[in-house]
Amino acid sequence: MRFDLLKILLVEDNQHMRILLIEMLRAIGVRYIHEAADGAEALTTMRSTHIDVVLTDLSMSGLDGVEFVHLLRRSPDSPNPFCPIVMITGHSTERRVREARDAGVNEFLAKPITARGLVHRLTLLIENPRPFVRAGDYFGPDRRRRDDPRYQGPRRRAEDASPFYLDDLDSERGHPTRRL
């Protein structure tokens with residue numbers, strides 16, 4: 001996997017953690033790394049710079065990671081609601097993971113971070129992107145990672161009963177979304 005062309009935005013209020021993550025990213029070949037100390041600064045950066053992937057901390061002063069993801073995914077003036085997001089946190093309780101998932105993150109990475117874990121999450125984003133869905137107040141990547149042929153329970157989404165369809169195309173960015 002080549003990471004040298006990725007433009008990554010690192011959103012982290014702890015300078016020591018930012019330095020550690022930057023060194024890890026450089027070690028795996030990432031050359032274009034932008035930094036933000038909170039979600040508000042990240043949104044400003046994304047309005048002026050094309051970003052391929054966001055790595056954001058969950059707990060930050062100012063605009064925290066979950067609030068940032070909510071704004072990026074749902075705000076009418078979002079610079080890129082389809083940008084892949086990896087949530088990084090030392091608070092990996094089930095409640096916090098669910099909160100990040102429900103905000104619309106693509107991947108979750110618990111601290112302490114390893115280079116292997118970081119590479120794995122970035123590889124998942126690039127090689128196995130999930131389609132985006134809009135369901136109720138949720139907008140983000142489909143939370144189902146795969147169709148399990150052994151699953152015999154009821155299907156909860158309309159397209160599970162009919163062939164896959166796209167009924168909404170973000171005309172500005174050309175990204176398909178599924179309405180559920």
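**Exercise 1. Overall make-up**

Task: Count the helices and strands in the protein chain of this predicted model, and state what percentage of the residues count as buried.

Solution: Start with the secondary structure: the protein chain holds six helices and nine strands. Next, turn to accessibility: 43% of the chain's 180 residues count as buried. Finally, look at how contacts are spread along the sequence. Among contacts with a separation of 6 or more, 60% join residues that are 24 or more positions apart.

**Exercise 2. The largest nonpolar core**

Task: Find which residues of the largest nonpolar core touch the most other members, and which elements give two or more residues to this core.

Solution: Begin with the members. The core has 22 residues, and those touching the most other members are Leu9, Val11, Met46, Val54, Phe68 and Met87. Now assign the elements: strand 1 (7–11), helix 2 (39–48), helix 3 (65–74), strand 4 (85–89) and helix 4 (94–103) each supply two or more residues. Helix 3 provides the largest share, with four residues. A second core, separate from this one, has 20 residues, including Leu10, Met24, Val30 and Leu118. As background, nonpolar side chains tend to be buried together in soluble globular proteins.

Zoom in on Met87 to finish. Beyond its neighbours within four places in sequence, Met87 has contacts that include Val66, Val69, Ala100, Val105 and Phe108. Asp57 is also one of its contacts, which brings us to the next exercise.

**Exercise 3. An annotated aspartate**

Task: Locate Asp57 in the secondary structure, and decide whether Asp57 is buried or exposed.

Solution: First, the record: an unreviewed UniProt entry annotates Asp57 as "modified residue: 4-aspartylphosphate". Second, the location: Asp57 belongs to strand 3, residues 53–57. Third, the accessibility: Asp57 has a relative accessible area of 5%, which is under the 20% cut-off, so Asp57 is buried. Fourth, the surroundings: leaving out neighbours within four places in sequence, Asp57 is in contact with Val11, Glu12, Asp13, Gly65, Met87, Ile88, Thr89 and Lys111.

Follow one of these partners, Thr89, a residue of strand 4. Thr89 is buried because its relative accessibility is 0%. Setting aside residues up to four places away in sequence, Thr89 touches Asp57, Leu58, Phe108, Leu109, Ala110 and Lys111. Lys111 is thus listed as a contact of Asp57 and of Thr89.

**Exercise 4. Two helix pairs**

Task: Work out how helix 3 is oriented with respect to helix 4 and helix 2.

Solution: Take helix 3 and helix 4 to begin with. Their axes come within 9 Å and cross at roughly 20°. That angle is under 35 degrees, so the two helices are roughly parallel. Their crossing is left-handed. Helix 3 makes the contact through Val66, Val69, His70, Arg73 and Arg74, and helix 4 through Glu99, Asp102 and Ala103.

Repeat the steps for helix 2 and helix 3. Here the axes come within 9 Å and cross at roughly 30°, and this pair is therefore roughly parallel as well. Gly39, Ala42, Leu43 and Met46 of helix 2 meet Phe68, Leu71 and Leu72 of helix 3.

**Exercise 5. Far in sequence**

Task: Give the C-alpha to C-alpha distance between Ala115 and Glu23, and classify the accessibility of Ala115.

Solution: Ala115 lies in helix 5, residues 115–127. Although Ala115 and Glu23 are 92 residues apart in sequence, their C-alpha atoms are 9.9 Å apart. Ala115 has 38% relative accessibility, so this residue counts as partly exposed.

How values were computed: Residues numbered from 1 in each chain as written. Predicted model: local features only at pLDDT ≥ 70, side-chain atom pairs only at ≥ 80, totals over all residues. Heavy atoms only, no water. Core = buried A, V, L, I, M, F, W, Y, C linked by side-chain atoms within 4.5 Å. Buried < 20%, exposed > 50% of the residue type's maximum accessible area, 1.4 Å probe, protein only. Contact = heavy atoms within 4.5 Å. UniProt positions renumbered as here; feature names shortened; annotations may be inferred. Axes fitted to C-alpha atoms, helices over the stretch in contact; angles between N-to-C directions. Parallel < 35°, antiparallel > 145°, perpendicular 65-115°, else oblique. Left-handed = near helix turned anticlockwise from the far one by under 90°.
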